[in-house]
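Q: Could you take me through this structure one feature at a time, giving the general idea before the particular case?

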Amino acid sequence: MIEDVSLYEILTVTSILFFIGVYGFITRKNLISILISVELLLNASVVNFVAINKYLYPDVLQGVVFSIFIIAVAAAETALAVAIIINLYRQISSVEVKDVETMKY
Amino acid sequence: MNYAEILLIPFIPLAVFLVLGIFYNRIKPAVSGIIGVLGLLISTLLSIKVAYQYFFVLGKDGGAYQAIVHKTAWMNFTETLRIDMGVLLDPISIMMLLVVSIVSLMVHIYSRGYMKGDPGYTKFFAFLSLFTFSMYGLVLATNLFQIYIFWELVGVSSYLLIGFYYTKPSAVAAAKKAFIVTRFADLGFLIGILIIGFYTGTYDFELLNDPQGSPLLSWAASSFFGMSVLSWGLLLIFLGGAGKSAMFPLHIWLPDAMEGPTPVSALIHAATMVVAGVYLVARLFPMYYFVEDGIILQVVAFVGAFSALFAAIIAITQNDIKRVLAYSTMSQLAYMMLALGVSGYDGEAGLGYMASMFHLFTHAMFKALLFLCAGSVIHAVHSNYLKDMGGLRKHMPITHITFLIAALAIAGIPPLAGFWSKDEILAAVYEKDMLLYTIALLVAGLTAFYMFRIYFGIFWKKDPEYATTPHESPATMTIPLIILAIFSALAGFVPFGQYISADRIALDVHINVPLAITAVLMGIAGIGLAWLFYKKETDLPDRLAASLGKLYTWSYHKFYIDEVYLFVTRKVLFKRVAEPAAKFDRQVVDGTMVGIGNSTVRTSEKIKAMQSGKVQDYAMAFVAGVLVIVIFFVYYLTQ
Amino acid sequence: MERIIFYILAFVIIAFAVASVNSRRMLRSVVYLAFVLISIAGFFFLIDYNLLAAIQLTVYAGGIIVLIIFSVLLVHHIEMRLEMASIAKRITTAVLCLVGMGVFIYTIHSFEFEMVENTKSTTTQDIGDRLLSYGDGGFILPFEVISILLLAAMIGAIVIAKGTKLMDKNS
Amino acid sequence: MDILSLFLIVPGITILLLVFTRNLGQARLIALLGSIAQFAMSVNLVFSYMKERAINDSIMLFTKDLIWFEPFNIHYSIGADGITVTMLVLTSIVVMAGIFISWRIGDLPKEFFISLIVLATGVYGFFISLDLFIMFVFFELAVIPMYLLIGIWGSGRREFSAMKLTLMLMAASAVLLVGILGIYFNSDTAGNGFTFNIIELAAANIPAEAQKIFFPLTFIGFAVIGALFPFHTWSPDGHASAPTAVSMLHAGVLMKLGGYGVFRVALYVLPEGAVEWSWIFIFLSAFGVIYGAFAAVRQTDLKYINAYSSVSHLGLVLFALLMFNKTAWNGAIIQSLSHGFMTALFFALIGMIYERTHTRDVRKMGGLLKVIPMISATYVIAGLASLGLPGFSGFVAEMNIFVGAFEHENIYYRIATIFSVSAIVVTAVYILRVVGIMLMGPVKEEAYTQFPRVTWYERMGILLLLLPIIGIGVAPLWLSDLIYKSLHPFIQGVL
């Protein structure tokens, strides 16, 4: 619990962070930038987990544990994503979204 | 009188038709000819027997011949309206029975010679039998619908026979034209039947023709465009009759129909089928006379008079002998119509009716004879055109004599048949209307003129260069000629008025001497002119033609009626109706339907673009969708 | 005091996040992200979860950022400027996000949280106990699952990253 | 075993047996035996019907009623009256003729015959069902195989045509389904629950307001398959692309579902709606009669000519049905039969001609009468029948229609009748045009003289179809008696 800081303020900040991530995810045209945006989204949710754990249920540690899991999964995800990006770059010499839309129609 | 015997008359030809038609390939031509002739011979003998029994054994009842009707239901329309099939025996149907039988028999015999060696020999006899059957059915019809049924059947037999030489395009076209023109007329007939059936509640001749019957008196009940509906019905029925009998302006098919074999022309297009129109009007004569005081009869008379003159003028200038005869037929049929048109109903006033029937009878004989003679000539010289003929009297004596008899008969020279009947007609017209009489008289003169024009052209004049010397036709062909010539010569002496009259009460007919002399003089004048012009090769005709100028060309081109029809059908109906209909269907109606399909496809193309394959677009749509759902469902709906 | 620090951190997080998603240089974008992540680690310190903060710093600010920087360096020239989405799309998205943000914040603020006053400090041992216990509230199973996931991701990353070479050989 | 269900069971068994056949010879033998069995059944049905009718006065005979789906009150409910019987006879004859004509079908014979018989089953089912829902099911069952038959065994733009046909008919059945559901949900006037049963629906007196809404839907839904102008455009393309036997079945039988459905459902269940709307549909159908005839005049493809002629002839059926008059209805039913036999015969002949000349363009042919006399002569006869010559079925039908329609008390309807009567002239024009160009005239090509003669199976097909045409035309009384009595309950609903 942070003194003089209410849960509302924290959640407000994470909401803003989350939507910045959404904004980035939708507008960026580069796969790595999208990855960055995804990190922002994940971080926003991690902070939420932690803050709610602390403010509402200090005795149980689910929030914290889940944050750890999220970070682990994010690391795995990033590793995979980077692998895919590099592989893709080798194949088509580009990491632009517009070049990888074979799922069209 | 034996009903079964009467039924045999039409059914024997039908049986012959079926036998010949089904075993078409397996019957030898010679056998099929004999089957046809024998069948018809039986029918003819039966017809004569029936006629004898009707007129002489049964005789009059209460001063008038009574109609004998046998019928069975064929199809029911409503409680009151139905089609019966049966036979109606009355003086005119028996007279027609005789005409059909005799002419058909002669034509059958004649055809055995004429058609010899033709690959379609069996088929020809089959069709002839079919026609004879249909014609018997028409003649014996007891009601309007039955007559319509057989009317159509004779139409189709006529179609088949005109198109007999089906590999010849002109024959095919002529057959088609004949069928469609008469079909158009039949449309009028059918609508007329519908109208009369609707307003009178019956198709039966006996009820319709009863002068005191309720169907007839209902005419005043409702009117339509200034005439009673019944008059309209009768007018439309007359339209049907005019189509079959080649009245102006529905005559155009008849000259073309000469593309058929000549015996067919003799049987169908001279003696029997084409008089069906006259017969129809005669059949319904009381109705025509009583409904609205015979207003339609006036139409009949004027159409008749005009057609008679019109056809006679065209006949003068034609060079194809069969066409001349065709126009002559048309003219004579119009004569009969005219006579019906001016006739009254009872007693002396009914002279026109009797004269019309009389002329029908005599005309059938001499016109059939003329055609068969023409066939004999064509058989010999292998051409229809006057320019290929001449001087044939030396080569073909029998044909020559019989043709001469027939020509004199049609010209109205006493004592041959035509004189008597024509005289009655002229007398009847004279009673009624001076203008019509003048026209009729003029037509009589023209008839003599054009008839002798071809007579001299065929049998006199100088010989053209014949490739092979023409010779007289075989006996199978000349015997019918001789028989018909006898009929043509003697038919006039039948006391016709005793047997046939509008009210079926015997009519004493006497020659009106001044009128008769005038008519005979007209005929002789016509013959004389023809003799002057055509006996020897002179340039008189050409000079006359040149001096007449336009009239001659117009007449030569049949007053361009064919062209008018061609214009109407080709340029108006085909180009302006049928083609746009077909185009409209393909482009507008079908276009709309296909357009609906295509616009679906286009819409789907548009929607497809939303499936861009870009995760970001999906994410955006997802976010937007979630927002909409949240805002709408959580905040809007729960308020 | 804490309140001020929190606001500073919040400001840094948001400012750098915005900078990160708007920068037209890839590397800068990543560096801004690093600032965001570090600030979040600072937030974890502030909220008294030291272990989490450490993990955040090592895994995120350390591992992931390095990974991303490597990939950036592999596929980009440092000076390359990124292509941006069209103005219209950016505005639409921004509006959409603002609306979303509004909905979130409104929802959060209209909800009464039952806060529990506490000053309890969570130790690393508590977290470790919780992670490895198999009794009530224990997370041993997810823990193992995550470890397998990580293993799979590792193998997958290797296979994918060298996939083309194998394919080249085959073909 | 009731006599009507057999009409579903026997084709079912035939299909089952067909599945196990291995080549053309076996497949066609099985199909032929099946169709002969169906024909025998239909003939038997005629006699059983007449025997039963003499002692039984109910509207439908041989009825059977099994619950199929309780919650919606859907029954497997079948029955027959005189009209059904005649339609079943028509179907069985056309199916048999179709199998004879397909005697030498090229590829996938087994599948072809299966589809053909599935189609026939749908048609049988449609005719005998008394329950709107299963009627609809059978309707769909009849339409779907059409897609395969045209799409796989067709010629020309077959995918397009098949698609067009199926989509238009499907759209129609969508409309129809709305109509049927509308009827269903308005059927509870007596408080006994909703029903799909036609007889009960007619007795239920659906509220006039609902009738006015649902009549046009039901009517159009059925009339599309009856080629009502302007919804007929699937038919020319469909016919042109379909293989011979399919064209025969399609024009001969399937298009009859339209008139039959209108008669059984739209007019019987919704009489007030029908009276309300009849003027517009009378206008459309009378226009279609003339229009189809004129459009046929300018066609060059034999099948197109025939398709437009069907539009004209079937327009007459709908026209007559809307006249609410026993005579006209009688005519409409006979016209359905007559047109069924006639067009089937036409299509069979066109198929035979096409097999020999490899073209359907009339302008490219000539003088066929000389080289293939039997086919050509039959074509002439069929043509004459089609233009309503006495002695053939068409005449009987048309006269009934015209006389009946002319009995209508409204003068405008009588004028419309005169209008449609005039189609007989145009019909003569297009029929004789074809006869003149294609059959008569000089033989156009030397190769024509080498044409194979008519084979026995072609002969059988021709005879099967020709005999009923002549039979109805020469002795119409027994047929119209059969139909006339069955019309009585229907006309009472209207009056």
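Q: Which helices of chain B do the buried residues of α11(B) pack against?

A: Bear in mind that this is a predicted model. In chain B, the buried residues of α11(B) pack against α3 (91-114), α4 (121-140), α5 (144-162), α10 (253-256), α15 and α16 (351-381). The burial extends over the whole helix, since 10 of the 10 residues of α11(B) are buried, so α11(B) is largely enclosed by the rest of the structure. Among these buried residues are B:Pro263, B:Val264, B:Leu267 and B:Ile268.

Q: How should I read the packing of α11(B) with α15(B), and at what angle do the two helices pack?

A: Two packed helices are described by the angle between their axes together with the distance between those axes. Here helix α11 of chain B (residues 262-271) and helix α15 of chain B (residues 321-342) pack at an angle of about 10°, and their axes are 11 Å apart. Angles under 35 degrees count as roughly parallel, and α11(B) and α15(B) are therefore roughly parallel to each other.

Q: Which residues make the contact between α11(B) and α15(B)?

A: An α-helix has 3.6 residues a turn, so residues three or four places apart point the same way. On the α11(B) side the contact is made by B:Thr262, B:Ser265, B:His269 and B:Ala270, while α15(B) contributes B:Lys322, B:Leu325, B:Ala326 and B:Thr329. By class, the residues of this contact divide into 3 nonpolar, 4 polar and 1 charged.

Q: What does chain B look like as a whole, in its secondary structure and its span?

A: The secondary structure of chain B comes to 26 helices and 4 strands, and the C-alpha trace of the chain spans about 115 × 65 × 55 Å along its principal axes. Of its 639 residues, 56% are buried. Among the contacts in chain B between residues at least 6 apart in sequence, 80% join residues at least 24 apart.

Q: Turning to the assembly, which chains share the most contacts?

A: The size of an interface is often given as the accessible area lost when the parts come together, but here the description rests on residue contacts. Of the 4 pairs of chains in contact, chains A and C share the most contacts, with 64 residues of chain A in contact with 75 residues of chain C. The elements that give two or more residues to the chain A side are α1 (7-27), α2 (31-56) and α3 (62-92) of chain A, and α3(A) gives the most, with 23 residues. That side of chain A divides into 45 nonpolar, 12 polar and 7 charged residues. One residue of helix α3 of chain A is A:Ala72, which touches C:Ile146 and C:Leu150 when residues up to four places away in sequence are not counted.

Q: How do the other chain pairs compare, and how many residues of chain B are in contact with chain C?

A: Between chains B and C, 6 residues of chain B are in contact with 5 residues of chain C, and the chain B side has 6 nonpolar, no polar and no charged residues. No contact joins chain A and chain D, whose closest C-alpha atoms lie 23 Å apart, and chains C and D do not touch either, their nearest C-alpha atoms being 40 Å apart.

Q: Which residues take a positive phi in chain D, and where are the cis peptide bonds?

A: Most residues other than glycine have a negative phi, and most peptide bonds are trans. In chain D, D:Asn73 has a positive phi near 60°, and D:Leu108 has a positive phi near 45°. D:Asn73 is found in the loop between β1 and β2 of chain D, a hairpin with 4 residues between the strands, whereas D:Leu108 is found in the loop between α3 (82-101) and α4 (109-128) of chain D. As for the peptide bonds, one cis bond joins B:Phe248 and B:Pro249, with omega about 0°, and B:Pro249 is found in the loop between α9 (229-244) and α10 of chain B. Another cis bond joins D:Phe229 and D:Pro230, again with omega about 0°, and D:Pro230 is found in the loop between α8 (208-225) and α9 (234-241) of chain D.

Q: In what sense do the strands β1(D) and β2(D) pair?

A: Strand β1 of chain D (residues 61-69) and β2(D) pair in the antiparallel sense over 6 bridges, and D:Lys64 stands opposite D:Ile78 in β2(D). Strand β2 of chain D (residues 74-80) is mostly covered, with 5 of its 7 residues buried.

Terms used
Residues numbered from 1 in each chain as written. Chains lettered and ligands numbered in written order. Predicted model: local features only at pLDDT ≥ 70, side-chain atom pairs only at ≥ 80, totals over all residues. Contact = placed C-beta atoms within 7 Å. Nonpolar A, V, L, I, M, F, W, Y, C, P; charged D, E, K, R; others polar. Axes fitted to C-alpha atoms, helices over the stretch in contact; angles between N-to-C directions. Parallel < 35°, antiparallel > 145°, perpendicular 65-115°, else oblique. Buried ≥ 20, exposed ≤ 12 C-beta atoms within 10 Å, placed from the backbone. Pairing = 2+ DSSP bridges.
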